[in-house]
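Open the model in your viewer and keep the sequence panel beside it. The stops below say what to select and what is there.

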Amino acid sequence: MRAAELAEERCSIARPASILGDRWTLVILRQAFSRVRRFEDFQSSLGISRSLLADRLDQLVEEAILRREPYKDEIRTRDEYRLTEKGLDLYPVLMALREWGDRYMADDGPPLKVRHRDCGGEPTIHLTCDRCGEPVTARDAE
């Protein structure tokens, strides 16, 4: 099934997967959350080809996850890529992936610690019921 077909599925997981399911898209978003904003900085930090990076950034802009914001360098005006509100709302998704990766794929321990700026604590992801406040796992959902 192609990404365009996934986007047409009546499924709340398939539709976002049509946009976010590419490995480069997720690491581009990781960099955006780490305050990488300029094309050259994305390219040098990821080692991705320029054409593939341009394609993924265009897709994220088209989906309103990133927005272009002009800035002027020494020679010309260029674009920075900034997270939109829709993009910022992906933070828990990336943090859930990070938490899962740290639990099951980080044999030497987490490669990066994320800390709450105000108190220094580590954020965690928890699903709770909006009615009773109890934790919800896959075994509890129907």
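Start with α4 and α5 in this predicted model: the two helices pack at an angle of about 125°, and their axes are 10 Å apart. An angle that is neither within 65 to 115 degrees nor over 145 falls in the remaining class, and α4 and α5 are therefore oblique to each other. Seen as a crossing, α4 passes α5 in the right-handed sense. To display the contact, select F39, E40, F42 and Q43 on the α4 side, then R50, L53, A54 and L57 on the α5 side. Coloured by class, the residues of this contact come out as five nonpolar, one polar and two charged.

**The whole chain**

Zoom out. The protein has seven helices and two strands, and from the N terminus the order of elements is α-α-α-α-α-β-β-α-α. A box of roughly 55 × 40 × 30 Å along the principal axes holds the C-alpha atoms. Buried residues make up 25% of the 142 in the protein. Among contacts with a separation of 6 or more, 37% are between residues 24 or more positions apart.

**Helix α3 against α4**

Now select α3, residues 23-33, together with α4, residues 39-46. Their axes come within 11 Å and cross at roughly 115°, and the crossing of α3 past α4 is right-handed. On α3, show W24, V27, I28, R30, Q31 and A32; these meet F42, S45 and L46 of α4. This contact has six nonpolar, two polar and one charged residues. F42 also belongs to the α4 side of the contact with α5.

**The loop between α3 and α4**

Two arginines are worth a stop here. R35 lies in this loop, and its phi is near 70°, a positive value in a residue other than glycine. Most residues other than glycine have a negative phi. With 55% relative accessibility, R35 counts as exposed.

R38 is found in the loop between α3 and α4 as well. Is R38 buried, partly exposed or exposed? Its relative accessibility is 33%, so R38 counts as partly exposed. Leaving out residues up to four places away in sequence, R38 touches Y71 and E80. For a distance across the model, pick the C-alpha atoms of R38 and E142: they are separated by 43 Å, with the two positions 104 residues apart along the chain.

**Helix α3 against α7**

Keep α3 displayed and add α7, residues 91-105. The axes of these helices come within 11 Å and cross at roughly 110°. Angles of 65 to 115 degrees count as roughly perpendicular, and that is therefore how α3 and α7 stand to each other. The residues to show are L26, L29, R30 and F33 in α3, which meet Y91, L94 and L97 in α7. Six nonpolar residues and one charged residue form this contact, with no polar ones. R30 appears in this contact and in the one with α4.

**The nonpolar core**

Next, select I28, L29, F42, L53, L57, I65 and L66. These have the most contacts inside the largest nonpolar core, which has 20 residues. At least two core residues come from each of α2 (14-20), α3, α4, α5 (50-62) and β2 (77-83). Which helix gives the largest share of this core? The answer is α3, with four residues. In soluble globular proteins, nonpolar side chains tend to be buried together.

Centre the view on L29. Apart from residues up to four places away in sequence, L29 touches L20, L60, I65, L83, L90 and L94. One of these, L94, is on the α7 side of the contact with α3.

**T25 and A64**

T25 is found in helix α3. Its relative accessibility is 1%, so T25 counts as buried. Beyond its neighbours within four places in sequence, T25 is in contact with I19, L20, R56, Q59 and L60. L20 and L60 are also on the contact list of L29.

Finish at A64, in the loop between α5 and β1 (66-72). Phi of A64 is near 65°, a positive value in a residue other than glycine. At 38% relative accessibility, A64 counts as partly exposed.

Technical notes
Residues numbered from 1 in each chain as written. Predicted model: local features only at pLDDT ≥ 70, side-chain atom pairs only at ≥ 80, totals over all residues. Heavy atoms only, no water. Axes fitted to C-alpha atoms, helices over the stretch in contact; angles between N-to-C directions. Parallel < 35°, antiparallel > 145°, perpendicular 65-115°, else oblique. Contact = heavy atoms within 4.5 Å. Nonpolar A, V, L, I, M, F, W, Y, C, P; charged D, E, K, R; others polar. Core = buried A, V, L, I, M, F, W, Y, C linked by side-chain atoms within 4.5 Å. Buried < 20%, exposed > 50% of the residue type's maximum accessible area, 1.4 Å probe, protein only. Left-handed = near helix turned anticlockwise from the far one by under 90°.
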